[in-house]
Amino acid sequence: MSASISITNIGNSEISFSTGLWAKQANGSVCVSCQDTLVLATVCMSNDPIPGKDFFPLTVEYQEKTYAMGKIPGGFFKKEGRPKDKEILTARLIDRPIRPLFPEGMTNEVQLVVMVLSSDGINDPDVLAINAASCALMISDIPFLKPVAAVRISKLDKDYIVNPSYEQRQISPMDLVVVGTEEKIIMLEGALNEVGETDVLEAIKAAQPKIKELINVQKNLQKEVGKPKKEVPLLELDKDLLNTVKEKFGKKIEDVYGLDDKNERKAVIKEIIKTLTEELVTDESEITESNIAMAVSAIDEEILRNNILTKGLRPDSRALDEIRPIECMVGVLPRTHGSATFLRGQTQALATVTLGSSSDEQFIEALEGESSKHFMLHYSFPPFSVGEVKAMRGPSRRDIGHGALAEKALSPVIPPKEDFPYTIRVVSEILESNGSSSMASACAGSLSLMDAGIPITRPVAGIAIGLIDNGSEYKILTDIAGGEDHHGDMDFKIAGTRNGITAIQLDTKIHGLTYKIIEETLKIAKDARNSILDKMSQAIDGPRKSLSQYAPKIKSFEVDPEKIGAIIGPGGKTIKKIQRDNNVNVDIDDETSMVSVSAETDDDLNRAVQQIMNLVKEIEVGEVYEVKVERIVNFGAFCEIAPGKSGLIHVSELSDSFVKDVNDYLKIGDILQAKVIGVDPQGKIRLSAKQAKPA
């Protein structure tokens, strides 16, 4: 067996590309490794185009094998199951930059499968996966126009770190994936902690030379072992059909161009397709309804792009930098812990906040190790939001991607767990959609967090910026609607506070953007973001002073690690009793020795906290405790100070007056104040009810 290998140094790491050893029946296969992290990318293509397809059928699968870290999967079946969110997000990360680089009109099915075969827990395989996928396509016989490469950029102090480790990413305010061709930037994906636009541009510039190095490696490997590219038939629209549509209905499509309501425009387009189908689709003709729909869409696209480039006229008659009308409302649901709606044009998001205890945190099992999240944002896109009938079978890949982007946008302003000991879940329900629902989710989520009284540092807003570019001139569009996204060349989502960017996501349909376009877009997005924040502040200008009355009550405090056993008790007996008696949940973090108690009422919470404090501190003579009567005897009553700790109130210490029968004064289960008046050498505690009374 022969193999070829190419190596380059990126940052402080050596990245190796190799092919020829594995998966040789695929059209192309490449291994990319960095230290002990290794990914295998394979690509296959169907022999013939898929009949009737009017889009490119590309699928990308990314799998993190648990054996890569020497682990056995959890759960009952002990094998990999449905993709985890990280796998879905990485598959999207691979898909987005390569999709625009296949020939237009290609309808052969292409499948990319990328598997993580080894992971060192230091180097994230996602960036390696993008490079491996591009290289596998380059050396294959599948038509692919040009290679892309990816690097991750973080910033530590004043230095930009290329391909940082997991640890470096955690302490950096920037975690940005940059993907480009040799000349341009084709995709961005980033989580940032209120980073300025200038720093983002500098990070992209720092990435470009490394991208070129990685592309050179791919080109060298292609020259050495690359297969000749196949010629595949490309779907082309019939020119006569296009002319027919333009002559008969071009004016009608132009006339509905300026309508605000997308459903009115949609209805007109649908009627045009129906009329043409009845007229042109016959048993003798080869024209199908699908051909007509594609031709009408092509004329619609031509009109949209021409109007924007030559007249600066958008489909809903807005100025290029104009944001659709915005309406914000908070407190829209009576029993949630926080709620808000954000409406921008025909896109509306309803966001709700639910607060929970640390036991509600999301547990994450990943190649880099186990972790938990105390803040989550979930995105839901029901079919009624676009007036469609469609089966609802759980979150799609798009739903997961949009939710992750909105979560990145809000994460930097969420208070740390040490200061706000709640688990926070935001759900964004898209009630209506006509473009940029992920950024509407960030805005609605920010409003709902403030409505819930969560002390976020600053509100967050997001905007999607579009582009129409014909190669010689371009126009940048603020707040793109659905048609501009569909027929346009860019979807650049940017979210942040007044202080800086918190999340960024760029997708293009062309072969990348210049620095000039990116710089202009960032400036336009900043102005738009601040304008939206002004609108949001009219609904609520900061977090409410208190949490919802329906939110759980939580107290967290640190205890001596050696006392944790006393709280838990033998077989968990003590902690279970505290929870049962007081209707609370008690969570203990063994690593930090933090105890978190949550309850529905302040009384239950304070009683449970006091019992735990009584357990972990020494009983002191002279202190007054709240105690519970456990057992009554002739000479007094045994009372519980804390689970596992009891003392005796002698009959003589019950009252200043004579007590003939203890049962006349106390019943089992009574709660009263008692003062510790003595502890003998054997640890027996003597209590007094009469001495606990105020003087």
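# A guided tour, beginning at a pocket

The residues that line the second largest pocket divide into five nonpolar, seven polar and seven charged. The model on the screen is a predicted one, and the tour starts at this pocket.

**Stop 1: the second largest pocket.** The volume of this pocket is about 530 Å³. Select Ser358, Glu361, Lys417, Asp589 and Thr592: of the 19 lining residues, these are the closest to the centre of the pocket. Next, colour three strands, β15 (369-373), β23 (584-589) and β24 (594-599), since each of them supplies at least two residues of the lining. As a general principle, rolling a probe the size of a water molecule over the atoms shows where empty space is left.

**Stop 2: tyrosine 422.** Select tyrosine 422, which is found in the loop between α8 (397-410) and β17 (423-432). Is this tyrosine buried or exposed? Tyrosine 422 has a relative accessible area of 8%, and because this is under the 20% limit, the residue is buried. Now display what surrounds tyrosine 422. Apart from its neighbours within four places in sequence, tyrosine 422 is in contact with Leu355, Gly356, His374, Leu547, Pro552, Lys553 and Ile554. One of these partners, proline 552, deserves a distance label: the side chain of tyrosine 422 reaches the backbone oxygen of proline 552 at 2.8 Å. For a view across the model, add glutamate 247. The C-alpha atoms of tyrosine 422 and glutamate 247 lie 63 Å apart in space, and the two residues are 175 apart in sequence.

**Stop 3: the cysteines.** How many disulfides does a search of the whole structure find? The search finds zero. Two cysteines illustrate the reasoning. Select cysteine 31 together with cysteine 135, which holds the closest cysteine sulfur to that of cysteine 31. The two sulfur atoms are 10 Å apart, and a disulfide requires them to be within 2.5 Å, so the distance is too far for a bond. Cysteine 31 is also buried, with a relative accessible area of 10%. Move next to cysteine 443, for which the closest cysteine sulfur belongs to cysteine 328. Here the sulfur atoms are 7.4 Å apart, which is again too far for a bond. With a relative accessibility of 0%, cysteine 443 counts as buried.

**Stop 4: two positive phi angles.** Most residues other than glycine have a negative phi. Select asparagine 163, in the loop between β8 (159-162) and α3 (166-171). The phi of asparagine 163 is positive, near 50 degrees. Asparagine 163 counts as buried, at 15% relative accessibility. Then select serine 317, in the loop between α7 (289-311) and β11 (326-330). The phi of serine 317 is likewise positive, near 70 degrees. Serine 317 is partly exposed, because its relative accessible area of 45% falls between the limits of 20% and 50%.

**Stop 5: the whole chain.** Finally, clear the selection and show the chain as a cartoon. Its secondary structure comes to 14 helices and 29 strands. Taken along the principal axes, the C-alpha atoms fill a box of roughly 110 × 65 × 55 Å. Of the 695 residues of the chain, 52% count as buried. Among contacts between residues at least 6 apart in sequence, 68% join residues at least 24 apart.

How values were computed:
Residues are numbered from 1 along each chain as its sequence is written. This is a predicted model: local features need pLDDT of at least 70, side-chain atom pairs count only at pLDDT 80 or more; totals for chains, interfaces and linings use all residues. Side-chain values use heavy atoms; hydrogens and water are left out. Helices (H or I, at least four residues) and strands (E, at least two) are DSSP runs, numbered from the N terminus. Buried means under 20% relative accessible area, exposed over 50%, partly exposed in between (1.4 Å probe, protein chains only). Contact means heavy atoms within 4.5 Å. A polar contact is a pair of N or O atoms within 3.5 Å; within protein, one must be able to donate a hydrogen and the other to accept it, and residues adjacent in sequence count only if both atoms are side-chain atoms. On a 1 Å grid over the protein atoms alone, a cavity is a set of points where a 1.4 Å probe fits but cannot get out, and a pocket is an open set with protein on both sides within 12 Å along at least five of seven lines; lining residues have an atom within 4 Å of a point. Grid points are joined across faces, edges and corners, and a volume is the space filled by probe spheres set on the points. Ala, Val, Leu, Ile, Met, Phe, Trp, Tyr, Cys and Pro count as nonpolar, Asp, Glu, Lys and Arg as charged, and the others, Gly among them, as polar.
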